[in-house]
Amino acid sequence: MNVQEVERETGLTRANIRFYEKQGLLRPNRKANGYRDYSSDDVNALLKIKLMRELDVSIEEIDKLQREERNLSSVIEERAESIDEERGNLSDAKIVCQSIGEDGITFRELEAEKYLEELEQLAKERGAENAGQFRRKQDILRETLHPWRRYFARMIDGDIYIIAISVFFYLMFHIEDSIASIVFLTVLGMAAMIIVESVLLSCFGTTAGKWLFGIRVLSKDGKRLTWREAAERTGMVLWHGLAFGIPLWSEYRLYKSYDAYTDGENLAWDENCLYLIDEKKGLRYVAAVAAVVLLLVLETVFEFPSEQIYKMPMHYDGLTVEEFAENYNKYLEVYGLADEERLNRNGEWEEPQALKPRFRYELEDGIIKSVSFEIDYTGKEENPHYRDEVTCAALAWEGGKWKSKMRMMMSDRLLRLEDEIQESGCGNYKAYDIRQDIVEVYRYEEKDGGFYPQMSGEDGRLHIVFEMGEKIRE
């Protein structure tokens, strides 16, 4: 029979049945397809287990009974004696409760030692020992199971580690967004997870994501995990639960872990851990939901952090000529123009060409105050170069004006500037500290972001002035 039929026959839940299987008290056969096939003997065994648990016989004692290491009559006799002791303890507790009530005192006035001594004296009079122990043994930490809270807490933690690592490397090393960089940063994020999470769990018993959901991870005795225990636990989560983020395999392992967890099985990383969840912090859950939504927006809508950060310049807070040249050359790479002519450390073309605009720099104490170039050309050459130079120079300049501590706020502004320059085509343009003036165009036509000579025997005329600097605002 299947598990649904066993549930009806025994009155036990599926979680109970799986738990007893996990404890080795039940060993059903398996069909060829892997499903459990319960027999009438299995049902009888479950009914015996149910009876023993109703009599409060421990799992360990039931296991010994099954293996015939204990005699049923002796186990039941011990349990009957325990019940008598509990009844006596309850009787003592009732007498002391009546004494407290008759004294008519408040909790502040309560002299605990007096009534504890009374409990002990009553226990001695009836020949009992360790009065009250049966109550105190229940005062232990009990685990609560919430798979979806644990999943979202893990997602928040993982995204924090990976985003933090990604932001650092994109800002410090300006690496290009690619499959290789994503894999590299994901691996580093997992390594950071093992280190940082181990420190947080060993020091505080929780992490950022777990704190939002009110989750604490402790050892079975209620103490914080050691650093080594926490590191081993996180490593097993990455391997057995997340499969190191490998596509498809990771989703499969998440499904299998969820299925095992909801069936009452202990996951590999939970063997020596106890999970406590605070059920009373409603605002904390609102913050957790907000954090999940924010991370999803950052990842799916804005493609954070790689795209914006990769398009940010290398130098800020006022530029020297050499820094402007490095910013400019960086944007050649960003836009796939690595084959274009690059600027040297003096801000000049490495191999000057006739149609290349020559940048002019106005300096004050070594810092650039303005950058400009002028195209004044007469002839029949097609598409005199300047469109790519305008885009790269404008972004290199605009980004370099900002203070370094404000640079994370300017990524959207740079993207808007890029769009505006591209949309302006070869026309007049003025925005921010940038201006482009088309002074004269004769026998040239604008096409695809450049100028092309018309079909004529005459020479064309092209005069363009491009400037960037504070005086442009005036």
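Me: Which residues are linked with Arg 18 in a network of salt bridges?
Reply: Happy to start there, with a reminder that this is a predicted model. Arg 18 is found in helix H2, which covers residues 14–22. The network of salt bridges links Arg 18 with Glu 21 and Arg 36.

Me: Is Arg 18 buried or exposed?
Reply: The relative accessible area of Arg 18 is 9%. Buried means under 20%, so with 9% Arg 18 is buried.

Me: Which residues does Arg 18 touch, not counting residues up to four places away in sequence?
Reply: Arg 36 is a good one to begin with, since the salt-bridge network includes Arg 36 as well as Arg 18. Leaving out residues up to four places away in sequence, Arg 18 touches Val 3, Arg 36, Tyr 38 and Asp 263.

Me: How many salt bridges does a search of the whole structure find?
Reply: One of them joins the side chains of Arg 70 and Glu 61, at 2.8 Å from N to O. Another pairs Arg 435 with Asp 437, where the closest N and O atoms are 3.2 Å apart. Searching the whole structure gives 22 salt bridges.

Me: Which side chain meets Arg 70 in a salt bridge, and is that residue buried or exposed?
Reply: The side chain that meets Arg 70 in a salt bridge belongs to Glu 61. Arg 70 counts as partly exposed, at 21% relative accessibility. For Glu 61 the value is 18%, and buried means under 20%. The residue asked for is therefore Glu 61, and it is buried.

Me: How far apart are the closest N and O atoms of Glu 333 and Arg 342?
Reply: Glu 333 is partly exposed, with a relative accessible area of 40%. Arg 342 is partly exposed too, at 27%. These two residues form a salt bridge, and their closest N and O atoms are apart by 3.9 Å.

Me: Which residues form a negative surface patch?
Reply: One member, Glu 120, sits in helix H6 (residues 112–125) and is partly exposed, with a relative accessible area of 36%. Another, Glu 111, lies in the loop between helix H5 (72–103) and H6. Together, the patch is formed by Glu 111, Glu 113, Glu 117 and Glu 120.

Me: Is Glu 111 buried or exposed?
Reply: Glu 111 has a relative accessibility of 53%. A residue counts as exposed over 50%, so Glu 111 is exposed.

Me: How far apart in space are Glu 111 and Ile 100, C-alpha to C-alpha?
Reply: Along the sequence, Glu 111 and Ile 100 are eleven residues apart. In space, the distance from C-alpha to C-alpha is 9.8 Å.

Me: What is the area of the nonpolar surface patch that includes Tyr 252?
Reply: Tyr 252 is in helix H12, residues 249–262, and is partly exposed with a relative accessible area of 45%. Its partners in the patch are Trp 239, Phe 244, Ile 246 and Trp 249. The patch covers about 490 Å².

Me: What share of the residues in the protein is buried?
Reply: Let's step back to the whole protein, which has 17 helices and eleven strands. It exposes about 27,700 Å², and carbon and sulfur atoms supply 53% of that area. Of the 474 residues, the buried ones make up 41%.

Me: What percentage of the contacts with a separation of 6 or more comes from residues 24 or more positions apart?
Reply: The contacts considered here are those in the protein with a separation of 6 or more. Among these, residues 24 or more positions apart account for 60%.

Methods: Residues are numbered from 1 along each chain as its sequence is written. This is a predicted model: local features need pLDDT of at least 70, side-chain atom pairs count only at pLDDT 80 or more; totals for chains, interfaces and linings use all residues. Side-chain values use heavy atoms; hydrogens and water are left out. Patches are made of residues with over 30% relative accessible area and no salt bridge: like charges are joined within 9 Å, nonpolar side chains (Val, Leu, Ile, Met, Phe, Trp, Tyr) within 5 Å. Accessible areas come from the Shrake-Rupley method with a 1.4 Å probe; for residues, only the protein chains shown count as cover. A salt bridge is a side-chain nitrogen of Lys or Arg within 4 Å of a carboxyl oxygen of Asp or Glu. Lys and Arg count as positive and Asp and Glu as negative; His and the chain ends are not counted. The place of a charge is taken as NZ of Lys, CZ of Arg, CG of Asp or CD of Glu. Helices (H or I, at least four residues) and strands (E, at least two) are DSSP runs, numbered from the N terminus. Buried means under 20% relative accessible area, exposed over 50%, partly exposed in between (1.4 Å probe, protein chains only). Contact means heavy atoms within 4.5 Å.
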